[in-house]
Amino acid sequence: MAGHSKWHNIMHRKGRQDAKKGKLFTKAAKEIIIAARAGGGDVDMNARLRSAIAAAKQVNLPKDKIENAIKKGTGEIEGENYEEVTYEGYGPGGVALLVECATDNRNRTVSEVRHAFTKHGGNLGENGSVSWMFDRKGVFTFPKDQAEEEQLMEIGLEAGAEDVVDDGDAWTVHSAPEDFETLREAFEAAGLTAEEAETSMVPQNTIEVDADNGRKLMKLIEVLDELDDVQNVHGNFDIPDEVMAELEG
């Protein structure tokens, strides 16, 4: 499961870094609505809502929008009726991709996702075709200049961390999803704030891609990420450093 930091950089290199603030706000608000609808509006009793609010604060979603999203989720005020759906498929080079969506119109969403795959060298698969290659994990990323491996291991292993991975310029800590909040609280109590903290679909193994397929994958992921209904895209590929340098050049 190594390589999350690099994968994270790959996923965010274009789409996330250059995304309009409104797009990030919409994604954050949707996750809050869904979390509140599923588990209620009490953050002390709803771990997913706590995580959603923390993620919303990372993209600077205003407090009033956070509160309104919670109320929409609990039904206190009228709001959109989003449902979660995940599409599975293959990108250029046979790379497995999971596309997590929050939608109020499944027909529209699947049409847009299928079009993106087809136009950019991939193909949409059946349910279960690639999801077995991934595990949902809590993922925390700490830049190496802000945390030591021994410190992360000492704190993390006592709070449910499964491993600490060297991802080049960062340490990545994995946990089971149910231990995510406990681990976050343990790190924060020790004065450590992760650069990224999320539950994510982490590939069990990755495959390396060359520059040509890497370029095509970047375009496919960028197009998927720009779709209004898409919340997250996960993949099982790794781009070698020298190929990343070529793509970024």
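# Reasoning from values to labels

User: What makes Met-201 count as buried?

Analyst: Met-201 has a relative accessible area of 12%. Buried means under 20%, so Met-201 is buried. The model is a predicted one.

User: Where is Met-201 found, and which residues does it touch?

Analyst: Met-201 is found in strand E7. Leaving out residues up to four places away in sequence, Met-201 touches Leu-98, Glu-100, Phe-134, Asp-135, Arg-136 and His-234. The C-alpha atoms of Met-201 and Asn-236 are separated by 9.6 Å. Along the chain, these two are 35 residues apart.

User: How do you know whether Val-202 is buried or exposed?

Analyst: Val-202 has 1% relative accessibility. The cut-off for buried is under 20%, so Val-202 counts as buried. Val-202 is found in strand E7, residues 196-203. Its C-alpha atom is separated by 24 Å from that of Thr-118, 84 residues apart along the chain.

User: Why is Thr-193 called exposed?

Analyst: The relative accessibility of Thr-193 is 57%. Exposed means over 50%, so Thr-193 counts as exposed. Thr-193 is found in the loop between helix H7 (180-189) and E7. From Thr-193 to Ser-129, the C-alpha distance is 36 Å, with their positions 64 residues apart in sequence.

User: Is Asn-60 buried or exposed, and what makes it so?

Analyst: Asn-60 has a relative accessible area of 58%. With the cut-off at over 50%, Asn-60 is therefore exposed. Asn-60 sits in the loop between helix H3 (47-58) and helix H4 (63-74).

User: What is the phi of Asn-60?

Analyst: Phi is positive, about 65 degrees, although Asn-60 is not a glycine.

User: How do you know that Lys-30 is buried, charged side chain and all?

Analyst: Lys counts as charged. The label buried rests on area: Lys-30 has a relative accessible area of 4%. Under 20% means buried, so Lys-30 is buried.

User: Where is Lys-30, and which residues surround it in contact terms?

Analyst: Lys-30 is in helix H2. Neighbours within four places in sequence aside, Lys-30 is in contact with Tyr-82, Ala-102, Asp-228, Asp-229 and Gln-231. Lys-30 and Lys-72 are 9.7 Å apart in space, C-alpha to C-alpha. In sequence they are 42 residues apart.

User: Why are H2 and H4 called oblique to each other?

Analyst: Their axes cross at roughly 40 degrees. Under 35 degrees would be roughly parallel, and 65 to 115 roughly perpendicular. The value falls between those ranges, so H2 and H4 are oblique. Their axes come within 7 Å, and the crossing is right-handed.

User: Which residues meet where H2 contacts H4, and how do they split by class?

Analyst: From H2 come Ala-29, Ile-32, Ile-33, Ala-36 and Arg-37. From H4 come Ile-66, Ala-69, Ile-70, Lys-72, Gly-73 and Thr-74. By class, this contact has seven nonpolar, two polar and two charged residues.

User: What makes H5 and H8 roughly antiparallel?

Analyst: The axes of H5 and H8 cross at roughly 165 degrees. Over 145 counts as roughly antiparallel, so the label follows for H5 and H8. The axes come within 9 Å. The crossing is right-handed.

User: Which residues meet between H5 and H8, and how many are nonpolar?

Analyst: Val-113, Ala-116 and Phe-117 in H5 meet Leu-220, Val-223 and Leu-224 in H8. The contact has six nonpolar, no polar and no charged residues.

User: Which residues have the most contacts inside the largest nonpolar core, and which elements give two or more residues to it?

Analyst: This core has 25 residues. Val-113, Leu-224 and Phe-237 have the most contacts inside it. The elements giving two or more residues are E1 (83-91), E2 (95-103), H5 (106-119), H8 (211-226), E9 (230-235) and H9 (241-248). The largest share, seven residues, comes from H8.

User: Which residues is Leu-224 in contact with, and what does a second core include?

Analyst: Setting aside neighbours within four places in sequence, Leu-224 is in contact with Val-99, Val-113, Ala-116, Phe-117, Val-230 and Val-233. A second, separate core has 18 residues, including Ala-35, Ala-52, Ala-56 and Ala-69.

Notes: Residues numbered from 1 in each chain as written. Predicted model: local features only at pLDDT ≥ 70, side-chain atom pairs only at ≥ 80, totals over all residues. Heavy atoms only, no water. Core = buried A, V, L, I, M, F, W, Y, C linked by side-chain atoms within 4.5 Å. Buried < 20%, exposed > 50% of the residue type's maximum accessible area, 1.4 Å probe, protein only. Helix = DSSP H or I, 4+ residues; strand = E, 2+ residues; numbered from the N terminus. Contact = heavy atoms within 4.5 Å. Axes fitted to C-alpha atoms, helices over the stretch in contact; angles between N-to-C directions. Left-handed = near helix turned anticlockwise from the far one by under 90°.
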